[in-house]
Amino acid sequence: MPTDALFSIPKSPNVRLITITFEDAKIMVPEGISVAAALLTGGARSFRSSIVSDAPRAPYCMMGVCFECLVEIDGMPARQSCLIPVREGMQIKRQQGAPALCDAAMGDDHD
Ligand code: FES
């Protein structure tokens, strides 16, 4: 659930804003920033829950190393939100525990 943002991105007339959805809440964010930066700007404090303790987790390194930023993006689980740029209309959800293997994650030719 988005709360007060930890930081904000300065507004500029040259930056185009796009709309993404996090846990059914719409957030306006600058085009081209990472999903993690967009969610932090939107006030998200928890991106996933630990598979061991169910404790809330959030981005730590912001450069693809720690895997603390995993979220579900457009139905695809376990996406590193710090490495993926936002796109208009993206649907993002918290990663709850271990991701389930699904057809989307396995690709179409996994028989
Ligand atoms: S924040 Fe560390 S991998 Fe994304």
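These are my notebook entries on what I looked up in this structure.

**Ground rules.** I am working from a predicted model, in which local features need pLDDT of at least 70 and side-chain atom pairs count only at pLDDT 80 or more, while totals for chains, interfaces and linings use all residues. Residues are numbered from 1 along each chain as its sequence is written, and side-chain values use heavy atoms, with hydrogens and water left out.

**Secondary structure.** I found two helices and seven strands, taking helices (H or I, at least four residues) and strands (E, at least two) as DSSP runs numbered from the N terminus. Along the sequence their order reads β-β-α-β-β-β-β-β-α.

**Exposure and contacts.** I looked up the accessible area, by the Shrake-Rupley method with a 1.4 Å probe and, for residues, only the protein chains shown as cover, and noted about 6800 Å² exposed by the protein, with carbon and sulfur atoms supplying 55% of it. Of the 111 residues, 37% are buried, where buried means under 20% relative accessible area, exposed over 50%, and partly exposed in between. For contacts (heavy atoms within 4.5 Å) I noted that, among those between residues at least 6 apart in sequence, 47% join residues at least 24 apart.

**Core.** I then turned to the largest nonpolar core, which has 22 residues; such a core is a set of buried Ala, Val, Leu, Ile, Met, Phe, Trp, Tyr and Cys residues joined through side-chain atoms within 4.5 Å. The residues with the most contacts inside this core are I20, V29, V35, L39, F47, V86 and I92. Two or more residues come from each of strand 1 (17-22), strand 2, helix 1 (35-41) and strand 5 (70-73), and helix 1 gives the largest share, six residues. Leaving aside neighbours within four places in sequence, V35 is in contact with I73, S81, I84, P85, V86, M90 and I92.

**Strand 2.** I placed both M28 (strand 2 is residues 25-30) and A25 in this strand. A25 counts as partly exposed because its relative accessibility is 25%, and its C-alpha is 9.6 Å from that of I92, although the two are 67 residues apart in sequence. M28 joins V15 and L17 in a nonpolar surface patch of about 270 Å².

**Cysteines.** I looked for disulfides (pairs of cysteine sulfur atoms within 2.5 Å) and found zero. C69 counts as buried because its relative accessible area is 1%, whereas C61, at 21% relative accessibility, counts as partly exposed.

Terms used:
Patch = residues over 30% accessible without salt bridge, like charges linked within 9 Å, V, L, I, M, F, W, Y side chains within 5 Å. Salt bridge = Lys/Arg side-chain N within 4 Å of Asp/Glu carboxyl O. Buried < 20%, exposed > 50% of the residue type's maximum accessible area, 1.4 Å probe, protein only.
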